[in-house]
Amino acid sequence: MFGKRTNEGSQGAAAVPAPAVPVPAQPARQSPDILVETGPGAGLPRPQPALTAPASASAPRRRPARTQTYYDTKGQIFSALIDTIDLSQLARLDGESAREEIRDIVNDIITIKNFVMSISEQEELLEDICNDVLGYGPLEPLLARDDIADIMVNGAGQTFIEVGGKTIESEIRFRDNAQLLSICQRIVSQVGRRVDESSPICDARLPDGSRVNVIAPPLALDGPALTIRKFKKDKLTLEQLVKFGAISPEGATLLQIIGRVRCNVVISGGTGSGKTTLLNCLTRYIDLDERVITCEDTAELQLQQPHVVRLETRPPNIEGEGEITMRDLVKNCLRMRPERIIVGEVRGPEVFDLLQAMNTGHDGSMGTIHANTPRECLSRMESMIAMGGFSLPAKTVREIMSGSVDVIIQAARLRDGSRRITQVTEVIGMEGDVIITQDLMRYEIEGEDAAGRLIGRHVSTGIVKPHFWERARYYNEERRLAAALDQMEKLSS
């Protein structure tokens, strides 16, 4: 984990309460192949972080706050470990074997130096040191929990997590901002990026696909701010969204047909509303023989098709050169014979290139955008085109938009923390200078229960023959579409 013993050995030697279930002690065994007599190990290649999580940590037990004595003891043990272990040999082991080796050596160090501690204290220290060497230190217990959606670290002394749609404070702490920044640098370096005073903002991802944002001092005044949007190991499906109440069964059928018949789709919603999750669900209905190209700032889409090309933007290097923007990727897509283009998130002028692709034979393209309503989504797209320096009349821009986008799906995170698909809206065309839309379905809130959870239902707007009816007929889906809309209408009446 630590490349230089003189600096990072002391910084990384402190950990904080880790709510993970301790890993049972392994029987001691001889490890002559990774032991050395001198201390050059710190200068050797570091092992890759292991994301092997401890056993289920969804219900962690609380541990007492770390004392300075604990940190001092851990610092001495950690320094002895770095002087003893050969990191180049350790790097060749898989995650579990590396943990066993470290635990054996640390147990020997504790015995030789005659540190006095209980069995539970020794287990906690062993787990903390393993996390520091092989993983991301105090973050490891949080990354191991499947019930956490977001991890938000606001400096060394404050960490929040989102569980069940609610944000709560975690007991996880870092020793100081230096340790936190060291972990941030380790995360971003894995994808060839950096974060420091000269480049204090960085987007990256963990090896498991979790999305990471780091903003460091001097921009972050109270220490590095680290935000992780966790990657779900179990890929959600529309059927699961129905179970969660995010969409009705009839609405899920409607979305399946929209994805199947190659409608051009924009998924709109606020931060944390489930846009990317919904986009992943829709991509399941892309035919297996289609060539799909994805463009993202940080790769997190999980397409299951065999013919997928994944592209990712690149920030400028330390000299300010070599940047590859989202617009560069989208423009290049058009030269790669795509059948569908999927943009993870539209943020700027690349929206114009995406609209052009949608309008020039790449039906079924998709993207997400930050907006609170379908109408606001269209306004934001128009503003992004204007910011790109395109000197086109407003009416022309709106004609391009109305001729390119077929459906806008609105996702929202409600005040009780639940996520719902609140509108499925068709883009019909133009009347004068105005883009005409019509809702096929919307979510109506009817009240809340005694626990404060919102009660509502998805209702039909009465449209029985949507604008993409002929497209559905072309794909032999018109009967299923009519049945879904009819059932939705019956349930709404």
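**View 1. Burial and surroundings of Thr422 in the predicted model.** In this predicted model, Thr422 has a relative accessible area of 14% and therefore counts as buried, since that term applies to values under 20%. Thr422 belongs to strand 13, which covers residues 419–431. When residues up to four places away in sequence are not counted, Thr422 touches Gln410, Ala412, Met441, Arg442 and Tyr443.

**View 2. Pairing of strand 12 with strand 13.** Strand 12, made up of residues 407–413, pairs with strand 13 in the antiparallel sense, and seven bridges join the two. Within this pairing, Ile408 stands opposite Thr425 of strand 13. The hairpin that these two strands form has five residues between the strands, and there Gly417 takes a positive phi near 90°.

**View 3. Pairing of strand 13 with strand 14.** Strand 13 also pairs with strand 14 in the antiparallel sense, here over eight bridges, and Met430 stands opposite Ile435 of strand 14. In the hairpin of strand 13 and strand 14 there are two residues between the strands, with Gly432 adopting a positive phi near 70°.

**View 4. The open sheet that holds these strands.** Nine strands make up an open sheet with mixed pairing, and their order across the sheet is 9-8-10-11-7-12-13-14-15. Strand 9 (308–312) and strand 15 (454–460) are the edge strands, each of which pairs on one side only. From one strand to the next, the twist averages 25°.

**View 5. A parallel pair in the sheet.** Strand 10, residues 340–343, and strand 11, residues 366–370, pair in the parallel sense, and this pairing comprises two bridges. Ile342 has Met366 of strand 11 as its bridge partner.

**View 6. Helices lying across the strands.** Helix 11, which spans residues 326–333, lies across strand 8 (292–296), strand 9 and strand 10, and the helix runs at about 170° to strand 8. Helix 16, which spans residues 478–492, lies across strand 14 (434–448) and strand 15, running at about 130° to strand 15. Strand 9 and strand 15, which take part in these two helix packings, are the edge strands of the sheet.

Conventions: Residues numbered from 1 in each chain as written. Predicted model: local features only at pLDDT ≥ 70, side-chain atom pairs only at ≥ 80, totals over all residues. Heavy atoms only, no water. Helix = DSSP H or I, 4+ residues; strand = E, 2+ residues; numbered from the N terminus. Buried < 20%, exposed > 50% of the residue type's maximum accessible area, 1.4 Å probe, protein only. Contact = heavy atoms within 4.5 Å. Pairing = 2+ DSSP bridges. Axes fitted to C-alpha atoms, helices over the stretch in contact; angles between N-to-C directions.
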